[in-house]
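The exercises below are to be worked with the sequence and the model side by side. Each task is followed by a solution in steps.

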Amino acid sequence: MIYDKLDNLVHYDTKNNALKRAYKSILNKEYLTFKAGKNIIDGDCVFAMKVDLTLKDIAEGEFEAHREYIDIHLPLVNCEDVEVVDVNVLEVTSAYNEEDDCLLGIAKATSSINLEPGTFLVVYPDDAHKVGVSKQHINESYKKIIYKVKV
């Protein structure tokens with residue numbers, strides 16, 4: 001997991017070419033021109049989802065984990081309280097679905113991150129994450145970009 005200010009993204013280097021391409025897209029602010037839904041950057045290797053959702057109470061959400069993709073979350077409007085936990089401590093509620101690249105579960109011990117505009121969060125396959133939830137902004141609109149980067 002990486003959580004930092006967006007201005008600091010220039011300091012992160014990687015050997016993963018797809019992740020490099022995603023970082024370049026972010027640094028060039030390509031996400032500001034994305035349409036709602038899926039935006040192709042480099043085929044199935046790098047794409048981004050522009051989403052507009054209503055935040056749920058943090059107690060309601062489930063953790064999700066991916067095996068094929070790294071997620072990079074960039075908030076645009078409002079903020080969310082993302083919780084992250086090691087995938088190995090999840091109590092699985094929905095087995096891994098290969099088509100959706102998603103495993104769902106619940107967990108007690110977590111790290112909590114206030115993800116707001118000007119910050120970013122990178123979650124790797126070992127990082128189960130609960131997103132779209134908030135402690136204070138329940139039922140409010142939230143807009144963000146989620147880059148999906150092939151492992």
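**Exercise 1. The nonpolar cores**

Task: In this predicted model, find which residues of the largest nonpolar core touch the most other members, and which elements give two or more residues to this core.

Solution.

Step 1. The largest nonpolar core has 21 residues, and those touching the most other members are I26, Y31, I72, L74, Y147 and V149.

Step 2. Two or more residues come from each of α1, β3 (46-54), β6 (69-77), β11 and β14. The largest share, five residues, is that of α1.

Step 3. Take I72 as an example. Leaving aside residues up to four places away in sequence, I72 is in contact with L19, A22, Y23, I26, L121, V122, I145, I146, Y147 and V149.

Step 4. Another core lies apart from this one; it has nine residues, including V84, V123, V131 and Y142.

**Exercise 2. The two sides of α1**

Task: List the buried residues of α1 and work out why they are on the same side of α1.

Solution.

Step 1. Buried in α1 are A18, L19, A22, Y23, S25 and I26.

Step 2. Around the axis these residues cover an arc of only 160 degrees, so they fall on the same side of α1.

Step 3. Now turn to the face pointing away from the buried side of α1: N17 and K24 are the exposed residues there.

Step 4. The packing partners of the buried residues of α1 are β1, β2, β3, β6, β11 and β14.

**Exercise 3. Aromatic pairs**

Task: State how many aromatic pairs a search of the whole structure finds. Then classify the pair of Y12 and F120 from its ring geometry, and do likewise for F34 and Y147.

Solution.

Step 1. The search gives three aromatic pairs.

Step 2. For Y12 and F120, the ring centres are 5.9 Å apart and the planes stand at 85 degrees; planes over 60 degrees apart count as edge-to-face, so this pair is edge-to-face.

Step 3. Because Y12 is in the loop between β1 (2-5) and α1 (17-27) while F120 is in strand β11 (residues 119-123), the pair ties together parts 108 residues apart in sequence.

Step 4. Y12 is partly exposed, at 28% relative accessibility, whereas F120 is buried, at 1%.

Step 5. F34 and Y147 have 6.1 Å between centres and 55 degrees between planes, which makes a tilted pair. This pair too links distant parts of the chain: F34 is in the loop between α1 and β2 (37-42), and Y147, 113 residues apart from F34, is in strand β14 (residues 141-150). Both F34 and Y147 are buried.

**Exercise 4. Charges over rings**

Task: Find which ring lies under the charged end of K38, and which under R67.

Solution.

Step 1. The charged end of K38 is over the ring of F47, at 4.3 Å from the ring centre.

Step 2. R67 lies over the face of Y96, and the distance to the ring centre is 3.9 Å.

**Exercise 5. Two lysines in strands**

Task: For K56 and for K5, give the strand, the exposure and the contacts beyond four places in sequence.

Solution.

Step 1. K56 is in strand β4 (residues 56-57). With a relative accessibility of 38%, K56 is partly exposed.

Step 2. Beyond four places in sequence, K56 touches G61, G132, V133, S134 and I138. The C-alpha atoms of K56 and V133 are 4.6 Å apart, although 77 residues separate the two in sequence.

Step 3. K5 belongs to strand β1. K5 is exposed, since its relative accessible area is 55%.

Step 4. Counted in the same way, the contacts of K5 are G118, T119 and F120.

**Exercise 6. Cysteines and positive phi**

Task: Say how many disulfides the structure has, and where the non-glycine residues K29 and N139, with positive phi, are placed.

Solution.

Step 1. A search of the whole structure finds zero disulfides. C45 is partly exposed, at 36% relative accessible area, and C79 is buried, at 10%.

Step 2. K29, with a phi of about 60 degrees, is in the loop between α1 and β2.

Step 3. N139, with a phi of about 70 degrees, is in the loop between β13 (133-134) and β14. At 63% relative accessible area, N139 is exposed.

How values were computed. Residues are numbered from 1 along each chain as its sequence is written. This is a predicted model: local features need pLDDT of at least 70, side-chain atom pairs count only at pLDDT 80 or more; totals for chains, interfaces and linings use all residues. Side-chain values use heavy atoms; hydrogens and water are left out. Rings of Phe, Tyr and Trp (its six-membered ring) pair if their centres lie within 6.5 Å; planes under 30 degrees apart count as stacked, over 60 as edge-to-face and the rest as tilted. Helices (H or I, at least four residues) and strands (E, at least two) are DSSP runs, numbered from the N terminus. Buried means under 20% relative accessible area, exposed over 50%, partly exposed in between (1.4 Å probe, protein chains only). A charge sits over a ring if NZ of Lys or CZ of Arg is within 6 Å of the ring centre and within 35 degrees of the ring normal. A nonpolar core is a set of buried Ala, Val, Leu, Ile, Met, Phe, Trp, Tyr and Cys residues joined through side-chain atoms within 4.5 Å. Contact means heavy atoms within 4.5 Å. A disulfide is a pair of cysteine sulfur atoms within 2.5 Å. The arc is that of the directions from the helix axis to the C-beta atoms.
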